[in-house]
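Colleague: I'm new to this one. Could you pick a single helix and walk me through it slowly?

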Amino acid sequence: MTDNSPLPVGSFTFVLHGAGGDLAKRKIIPALAHLAKSGYFAAESKIIFAQREALSPAEALAQVDAFLQAAGDEAARQSISALLPFLQTLQVVLGTAQSCVAMASAVANCPEPVVHYAALPSSRFIDLINCIPTVRDPARLRLVLEKPLGFNAKESALIEEAVAAKLDESQVYRIDHYLGKQAVQNLLALRLGNRIFEPLLTREHVAHVQITVAEDLGVENRAGFYEHAGALRDMVQSHMLQLLATVAMEPPVSLEANSLRDEKLKVLRSLKVPQVSGIPEIVVGQYCEGYVKGQPVPKYRDEKGVAANSTTETYVSFRTEVQTWRWAGVPFLIRTGKRMPRRFAEIVIQFRDVPKPLFEPVGGQWVGNQLVIHLQPEDKLELKLLAKTPGERERLKPVSLDLDFFNTWRIPVRDAYERLITDILRGRLGLFLRRDEVQTQWQFVDRILNDLKSHGMEPVPYTSGTYGPSSATAMAMRAGAIWSEDGL
Ligand SMILES: NC(=O)C1=CN([C@@H]2O[C@H](COP(=O)(O)OP(=O)(O)OC[C@H]3O[C@@H](n4cnc5c(N)ncnc54)[C@H](OP(=O)(O)O)[C@@H]3O)[C@@H](O)[C@H]2O)C=CC1
Ligand SMILES: O=C1O[C@H](COP(=O)(O)O)[C@@H](O)[C@H](O)[C@H]1O
């Protein structure tokens, strides 16, 4: 058993903007509460829930509790009262003149650093930034921005200009919560802490790479956001491209934030935009009625807040390439969608076949080696090898070498938001995105969206509870791949 508890930090002030919103109640407040319960916060630290409704700390926590109860998150409910000793509330309606005055007086004489966490729609980011003083010192002021930053490269650039007018880059924490997942950090350790895998991760040895984030949930109560976003802006622009960059980047010179970001940026800049015309390298889909985990679910267009003729994509898969000497020509297949049969996320690295087969194929078909990085629900690595079956025949069968991180360390995996919050409080930027990464990700997604629009490509319906439109299977096969549906 290894100790996984974070080390305490000095005092701070954490202003949570949008404290009444879905993300705050579901993820950020439970993460803060768990840290508070673990004794991580110095006694004089302050947590300020900023929200439009005027509430006392006890009332605000009662609302969070009701939300968590409805969500069935009993574990989080056990912790939230640990926030009370640190908690203040503040009524803020961003965009009004009084909001800046209220914020300034709420944080006056509070411990520094003051962290402003924007769990807000990105349309409100500039209103918040306008209220922040120009203090170019990360020891005094930090800003956390949730994804997506705007809805395209242009909007994102406007937000970034407002940020840069007030703060230095070292004060800005752009969240991609996938980087807070332990499995992603294990991926870095696998690649950069071991000698054996890195030399094999090249075009000479890898046939293709698949990255899947499948969700069983539908749009839930987020149609207001999702209708404008869709899977490309919601998932690809952030999580999927960051996973791709982490798996494909060159080893950085150090683990310092800018070294990692420099290498990821090179990958992001070298991505091939999937072809929409001719033989398409992209499939977009939208879920219709079906069954997920045995329960009937409605079609996307019947969800609350969704237009009856919505053309928002709830699924996307595409083929891209990392156009570098290491990876040129290797298909990278990216897939994400809602209302899939189950929730799983994984990266599959499929190795090429041996140059000359000497053994009998398994079941008449060759199955090459695979390295599978399971991100969720389990955090584990799996190396699929071929071993000789007992007996006289020279026949091979696939076997798996598993490294299950939970069973190895026997400690619960910390939630991604807990890890990210501790890094923010410590001033560690390595798991957050730099401005140029976000901008490059937007340019890639904008190009795809423009191409889809100019070719009139609309989402293909797929049955809820399946892995998306069948055309995605054909698209993968053209890249020599079969989509993995293991998802353990
Ligand atoms: N929910 C999720 O799963 C995820 C969300 N995100 C990102 O997190 C951010 C928040 O998302 P989410 O919580 O879902 O959104 P919600 O709409 O649930 O919450 C947004 C919050 O912003 C507040 N707000 C809106 N306008 C103002 C204003 N003028 N002044 C002050 N507060 C305002 C709302 O206040 P009020 O309560 O008064 O309406 C609400 O509490 C977004 O950037 C989103 O993209 C990122 C990843 C996942
Ligand atoms: O950022 C987002 O991520 C979630 C999926 O996150 P996970 O940690 O549960 O895999 C997704 O549901 C949401 O639409 C998106 O905004």
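Modeller: Sure, here is a close look at helix α2, followed by a few words on its surroundings. Keep in mind that this is a predicted model.

Helix α2 covers residues 57–71, and its length checks out: at 1.5 Å a residue, its 15 residues should span 21 Å, and the C-alpha atoms at its two ends are indeed 21 Å apart. Now look at which way its residues point. A60, L61, V64 and L68 are the buried ones. Viewed down the axis of α2, these buried residues fall within an arc of 95°, so they line one face of the helix. That pattern fits the usual geometry: an α-helix has 3.6 residues a turn, so residues three or four places apart point the same way.

Flip to the face turned away from the buried side and you'll find the exposed residues A58, E59, A66, Q69 and A70. What lies over the buried residues? The cover includes α1, β2 (46–51), α3 (74–79) and β3 (87–91). Just past the end of α2, G72 has a positive phi of about 75°.

One of those covering elements, α1, turns up again at ligand 1: helix α1 (residues 22–37) gives the most to the ligand's shell, with 3 residues. In total 23 residues surround ligand 1, and G18, G20, G21, L23 and R52 are the closest. Sorted by class, that shell has 10 nonpolar, 6 polar and 7 charged residues.

To place the helix in the whole chain, note that the protein is divided into domain 1 (13–174) and domain 2 (181–405 + 435–478). Their centres, taken over C-alpha atoms, are 32 Å apart.

Technical notes
Residues numbered from 1 in each chain as written. Chains lettered and ligands numbered in written order. Predicted model: local features only at pLDDT ≥ 70, side-chain atom pairs only at ≥ 80, totals over all residues. Near = placed C-beta within 6 Å. Helix = DSSP H or I, 4+ residues; strand = E, 2+ residues; numbered from the N terminus. Nonpolar A, V, L, I, M, F, W, Y, C, P; charged D, E, K, R; others polar. Expected span 1.5 Å × (residues − 1). Buried ≥ 20, exposed ≤ 12 C-beta atoms within 10 Å, placed from the backbone. Arc of directions from axis to C-beta. Contact = placed C-beta atoms within 7 Å. Domains from an automatic or database assignment.
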